[in-house]
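Welcome! Take a moment to look over the sequence and the structure, and then let us walk through them together.

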Amino acid sequence: MPLLHPADGLEPERPERTVSARNPDIGAFIARATRWRSEMEALREILLTCDLDETLKWGKPCYTAHGGNIAIMQPFKAHLSLMFFKGALLSDPEGILRSQGENTQAALRIEFTRAAQVRGLESELRSYVDEAIAVEKAGTDVPKKDVEAYEVPAEFEDRLERDADYRAAFEALTPGRQKSWLLHLAGAKRAATRERRIEEGRARIMEGKGFHER
């Protein structure tokens with residue numbers, strides 16, 4: 001049967017989408033949820049028709065394709081998020097992607113507060129997921145900011161000027177480890193807190209460790 005043209009006044013036929021296999025771990029996760037259960041169920045029904053595999057990662061429903069992570073559900077207190085791991089590379093024609101935080105470079109998310117909102121964005125969600133899958137298939141990565149692009153708190157710069165061993169150890173860290181410390185230090189709003197973090201971090205930096213390493 002030929003597809004109908006929009007001028008005919010009827011919606012054109014759309015090809016059926018294959019439903020992916022359901023992971024029982026995801027079903028159990030949603031069944032246990034005390035918040036955003038209906039929103040997750042509605043979102044899951046859409047994602048399972050987008051040629052994605054579902055798995056439990058970081059304790060949350062995660063959707064993958066071509067060996068990479070595409071999106072993950074994140075139940076928060078104020079909303080349910082669908083976070084795209086490479087959201088910064090999506091075109092976002094609807095303007096619905098939101099940042100994870102000021103230091104986030106790659107991930108962007110869509111926030112939901114009602115199941116009806118999820119269902120109302122079904123067509124848009126499919127388009128965003130399709131684009132995210134294409135990005136992953138192409139092997140495209142989000143360019144990372146250089147260490148020089150991150151703020152060095154004045155208190156830390158002053159300490160490094162006075163402590164040659166501390167400076168040498170910090171400069172010997174890998175770029176990723178340097179970034180982790182700069183983000184940790186800059187995240188403190190009060191000077192006293194930054195100074196405390198600088199003092200507490202010295203021993204671990206001297207050991208060549210990043211902030212998240214113990």
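## Around Leu52

Let us start with Leu52 in this predicted model. Leaving out residues up to four places away in sequence, Leu52 touches Ser20, Leu47, Tyr63, Thr64, Ala65, Ile70, Val129 and Ile133.

Where does Leu52 belong in the wider picture? Leu52 is a member of the largest nonpolar core, which has 35 residues. Together with Leu43, Phe84 and Leu125, Leu52 touches the most other members of that core.

## The nonpolar cores

Many elements feed the largest core. At least two residues each come from the helices H1 (24-32), H2 (37-47), H3 (115-120) and H4 (122-138), and also from the strands E2 (60-65), E3 (68-75), E4 (80-84) and E6 (108-112). Which element gives the most to this core? That is H4, with 6 residues.

There is also a second, separate core, made of 13 residues. Among them are Phe156, Leu160, Leu185 and Ile205. In soluble globular proteins, nonpolar side chains tend to be buried together.

## A buried arginine

Helix H4 is also home to Arg126. Is Arg126 buried or exposed? Its relative accessible area is 17%, and buried means under 20%, so Arg126 counts as buried.

If you set aside the neighbours within four places in sequence, Arg126 is in contact with Arg17, Ile46, Thr49 and Cys50.

## Where H6 meets H8

Now find helix H6 (residues 164-172) and helix H8 (residues 191-206). Their axes come within 9 Å and cross at roughly 60°, which means that H6 is oblique to H8. The crossing in which H6 passes H8 is left-handed.

Which residues make the contact? H6 brings Asp165, Tyr166, Ala169 and Phe170, while H8 brings Ile198, Gly201, Arg202, Ile205 and Met206. By type, the residues of this contact divide into 6 nonpolar, 1 polar and 2 charged. You have already met one of them: Ile205 of H8 is included in the second core.

## The whole protein

Stepping back, how many helices and strands does the protein have? The secondary structure comes to 8 helices and 6 strands. Read from the N terminus on, the elements run α-α-β-β-β-β-β-β-α-α-α-α-α-α.

The protein has 214 residues, of which 41% count as buried. As for contacts with a separation of 6 or more, 59% are between residues 24 or more positions apart.

Conventions: Residues are numbered from 1 along each chain as its sequence is written. This is a predicted model: local features need pLDDT of at least 70, side-chain atom pairs count only at pLDDT 80 or more; totals for chains, interfaces and linings use all residues. Side-chain values use heavy atoms; hydrogens and water are left out. Axes are lines fitted to C-alpha atoms, for helices over the stretch in contact, and angles run from 0 to 180 degrees between N-to-C directions. Helices (H or I, at least four residues) and strands (E, at least two) are DSSP runs, numbered from the N terminus. Angles under 35 degrees count as roughly parallel, over 145 as roughly antiparallel, 65 to 115 as roughly perpendicular and the rest as oblique. A crossing is left-handed if the near helix is turned anticlockwise from the far one by less than a right angle, and right-handed if clockwise. Contact means heavy atoms within 4.5 Å. Ala, Val, Leu, Ile, Met, Phe, Trp, Tyr, Cys and Pro count as nonpolar, Asp, Glu, Lys and Arg as charged, and the others, Gly among them, as polar. A nonpolar core is a set of buried Ala, Val, Leu, Ile, Met, Phe, Trp, Tyr and Cys residues joined through side-chain atoms within 4.5 Å. Buried means under 20% relative accessible area, exposed over 50%, partly exposed in between (1.4 Å probe, protein chains only).
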